[in-house]
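Please work through the exercises below with the sequence and the structure open beside you. Try each task before you read its solution.

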Amino acid sequence: MAWNWINSLIPYRVILSGSAQDDLRKLFNDCPSAVPFVRSQLNALAQNPTSLSRRSHFPYRERCQLMSFDMDLDGTRHFFTVIFQYGSDEQTIEVADTAHQSRKIDDLWEP
Amino acid sequence: MAVVLSNQIDASVKSADELESGRTAEHRSAMFCFDVEDLAAEIVRLYHELGRQVEKWQDHLAKNEIPSEREQLLRLDETWLSLYTKLEATATKVVHLIKYTEGLGYRLDGKVAFKECLKGLREITCLSLDRVRGGFASIASGDGLELDQFFDSL
């Protein structure tokens, strides 16, 4: 998608698919304190999808974008991957899935 | 090409298993560290090769307008995903081997590239093809919910 200066002024409307909603509901039931952080990340995506995402390499290279973020909570690091595409109206972001993985920080492999 | 890559990935799985089972006996040997380093480098190479093959496949798919051929080509997505999944599992096994060798005081070359590769593999394998397809289909059929509406409904 070509850069549009309006991007920086008018946020995109973010539409969550049924499975993305299910994923997030399940996560928030297990971990309610994640709600504000995840919401702020998705709002940031709505404001600036071009710089916060990259083209998805597989399996939907042509149409999809990926955004990744993580947060630390109670000794666990939560990793999120959001896969979306731009709507045909160029004003919406359609989120197909929000994958979530978590690992104990002590088990993480750091440089 | 998927067959060649599949065999190469199987070979890396076998190497990881053999190194894992042999680490106690050989843990003092510098050769063990070099073998782990070689295996990590091979996984990075396979990851990039897999990416190139997938891009070729996607290019073929984009150009092909014959429905029956497109159907056949489309079905390869499960093959690619299974190769990525196998490679991710092997890479995770290699992480343990690297940690072990580092515990012995060795420093491995190519660690940054390996970590990038592992991150890429996990981003691919955490997504399910069916769920992504289903997600877009549900939005197209009007089942999507706007972000604020969703958070207000919690």
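The exercises that follow deal with a predicted model, and each task is followed by a solution in steps.

**Exercise 1. The build of chain B**

Task: Find how many helices and strands chain B has, and compare its radius of gyration with that of a compact globule of 154 residues.

Solution: Begin by counting the elements, which gives 7 helices and 1 strand for chain B. Next, read them from the N terminus on, where the order is α-α-α-α-α-α-β-α. Then turn to the dimensions: the C-alpha trace of chain B spans about 60 × 45 × 25 Å along its principal axes. A compact globule of 154 residues would have a radius of gyration near 15 Å, whereas chain B has 20 Å. Finally, consider burial and contacts: buried residues make up 31% of the 154 residues in chain B, and among the contacts in chain B with a separation of 6 or more, 82% are between residues 24 or more positions apart.

**Exercise 2. A sheet of 6 strands**

Task: Work out the order of the strands in the open sheet of 6 strands, and state which strands lie at its edges.

Solution: Start with the order, which is β2(A)-β3(A)-β4(A)-β5(A)-β1(A)-β1(B), with mixed pairing. The edge strands are β2 of chain A and β1 of chain B, each of which pairs on one side only. Now take the pairs in turn. β4(A) and β5(A) run antiparallel over 11 bridges, and along them Thr76(A) has Lys104(A) as its bridge partner, while Phe80(A) stands opposite His100(A). The hairpin of these two strands has 5 residues between them, and there Glu90(A) takes a positive phi near 60°. β1(A) and β5(A), by contrast, pair in the parallel sense over 4 bridges, with Arg13(A) bridged to Thr92(A). At the end of the order, 2 bridges join β1(A) to β1(B) in the antiparallel sense, and Ile15(A) stands opposite Glu146(B).

**Exercise 3. Where the chains meet**

Task: Describe the side of chain B that touches chain A, and say which element gives the most residues to it.

Solution: First note that the contact takes 30 residues from chain B and 32 residues from chain A. On the side of chain B, α6(B) gives the most, with 8 residues. Sorting the residues of that side by kind, one finds 17 nonpolar, 6 polar and 7 charged. Then look at how the helices are placed: α6(B) lies across β1, β4 and β5 of chain A, at about 145° to β5(A). Helix α1 of chain A lies across β1 and β5 of chain A together with β1 of chain B, and runs at about 35° to β5(A).

**Exercise 4. Core and surface**

Task: Identify the residues with the most contacts inside the largest nonpolar core, and decide whether Ser51(A) is buried or exposed.

Solution: Recall that in soluble globular proteins, nonpolar side chains tend to be buried together. The largest nonpolar core here has 54 residues, and those with the most contacts inside it are Val14(A), Val95(A), Val36(B), Ile43(B), Leu87(B) and Val94(B). α2(B) gives the most to this core, with 11 residues. Leaving aside neighbours within four places in sequence, the contacts of Val36(B) include Leu19(B), Val94(B) and Leu108(B). Now turn to Ser51(A), which is in helix α3 of chain A. Ser51(A) counts as exposed because it has 12 C-beta neighbours inside 10 Å, and the cut-off for exposed is 12 or fewer.

Methods. Residues numbered from 1 in each chain as written. Chains lettered and ligands numbered in written order. Predicted model: local features only at pLDDT ≥ 70, side-chain atom pairs only at ≥ 80, totals over all residues. Contact = placed C-beta atoms within 7 Å. Nonpolar A, V, L, I, M, F, W, Y, C, P; charged D, E, K, R; others polar. Pairing = 2+ DSSP bridges. Buried ≥ 20, exposed ≤ 12 C-beta atoms within 10 Å, placed from the backbone. Core = buried A, V, L, I, M, F, W, Y, C linked by C-beta atoms within 7 Å. Axes fitted to C-alpha atoms, helices over the stretch in contact; angles between N-to-C directions. Rg over C-alpha atoms; globule rule 2.2 N^0.38 Å.
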